Amino acid sequence: MSGPFMRMWGAPIALAILTVIGLLSALVGDGVWDHVSAVALGVPVLLCCWYGLRRRTKND
């Protein structure tokens, strides 16, 4: 499955898995789990912001 399917859906699937890991780790416990959830939920947000700003400045 490394053809066009993964080229199109690989990044969204990876971001979805990372988000699920972040949400589950936030529910599981405290301490290190809080840090895991913060990183796992922060990465998709940062990537979306970076991609959105990159696309906006490229079109202007």
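**Figure 1. The kink in helix 1.** Helix 1 bends by about 50° at Gly-10, a position shortly before the proline Pro-12. The model is predicted. Helix 1 covers residues 4-28. At 1.5 Å a residue, its 25 residues should span 36 Å, and the end C-alpha atoms are 36 Å apart, so the expected and modelled spans agree. Gly-10, where the kink lies, is also one of the buried residues of helix 1. The others in that group are Gly-22 and Ser-25.

**Figure 2. The whole chain, for orientation.** The protein chain contains two helices and zero strands. Helix 2 takes in residues 32-59. Of the 60 residues in the chain, 12% are buried. The accessible surface comes to about 5000 Å², and carbon and sulfur atoms account for 73% of this surface.

**Figure 3. Ser-25 and its contacts.** Ser-25 belongs to helix 1. Its relative accessibility is 2%, and because buried means under 20%, Ser-25 counts as buried. Apart from neighbours within four places in sequence, Ser-25 is in contact with Trp-33, Val-36 and Ser-37. One of these partners, Ser-37, is found in helix 2 and is the subject of the next view.

**Figure 4. Ser-37, a buried serine of helix 2.** Ser-37 lies in helix 2 and has a relative accessible area of 8%, so this residue is classed as buried. The side chain of Ser-37 reaches the backbone oxygen of Asp-34 at a distance of 2.8 Å. With residues up to four places away in sequence left out, Ser-37 touches Gly-22, Ser-25 and Ala-26. Of these, Gly-22 and Ser-25 are listed among the buried residues of helix 1, whereas Ala-26 is partly exposed.

**Figure 5. Ala-26 in helix 1 and its distance to Ala-38.** Ala-26 is placed in helix 1. Its relative accessibility of 39% is between the limits of 20% and 50%, and therefore Ala-26 counts as partly exposed. Ala-26 is touched by Ser-37 of helix 2. Between Ala-26 and Ala-38 the C-alpha to C-alpha distance is 8.2 Å, with twelve residues separating the two in sequence.

**Figure 6. Two exposed residues of helix 2, His-35 and Val-39.** His-35 lies in helix 2 and, with a relative accessible area of 58%, is exposed. From the C-alpha atom of His-35 to that of Gly-22 the distance is 9.3 Å, and 13 residues separate the pair along the chain. Gly-22 itself is buried in helix 1. Val-39 is likewise part of helix 2 and has a relative accessible area of 54%; because exposed means over 50%, Val-39 is in that class. The C-alpha atoms of Val-39 and Thr-19 are 9.7 Å apart, and the two residues are 20 positions from each other along the chain.

**Figure 7. The cysteines Cys-48 and Cys-49.** With a disulfide taken as a pair of cysteine sulfur atoms within 2.5 Å, the count comes to zero disulfides. Cys-48 is in no disulfide, and the cysteine sulfur nearest to its own, that of Cys-49, is 7.1 Å away. For Cys-49 the closest cysteine sulfur is in Cys-48, at 7.1 Å, which is too far for a bond because the cut-off is 2.5 Å. Cys-49 has 44% relative accessibility and so counts as partly exposed.

Conventions
Residues are numbered from 1 along each chain as its sequence is written. This is a predicted model: local features need pLDDT of at least 70, side-chain atom pairs count only at pLDDT 80 or more; totals for chains, interfaces and linings use all residues. Side-chain values use heavy atoms; hydrogens and water are left out. Helices (H or I, at least four residues) and strands (E, at least two) are DSSP runs, numbered from the N terminus. Buried means under 20% relative accessible area, exposed over 50%, partly exposed in between (1.4 Å probe, protein chains only). Contact means heavy atoms within 4.5 Å. Accessible areas come from the Shrake-Rupley method with a 1.4 Å probe; for residues, only the protein chains shown count as cover. The expected span of a helix is 1.5 Å times one less than its number of residues. The bend at a residue is the angle between axes fitted to the seven residues ending there and the seven starting there. A polar contact is a pair of N or O atoms within 3.5 Å; within protein, one must be able to donate a hydrogen and the other to accept it, and residues adjacent in sequence count only if both atoms are side-chain atoms.
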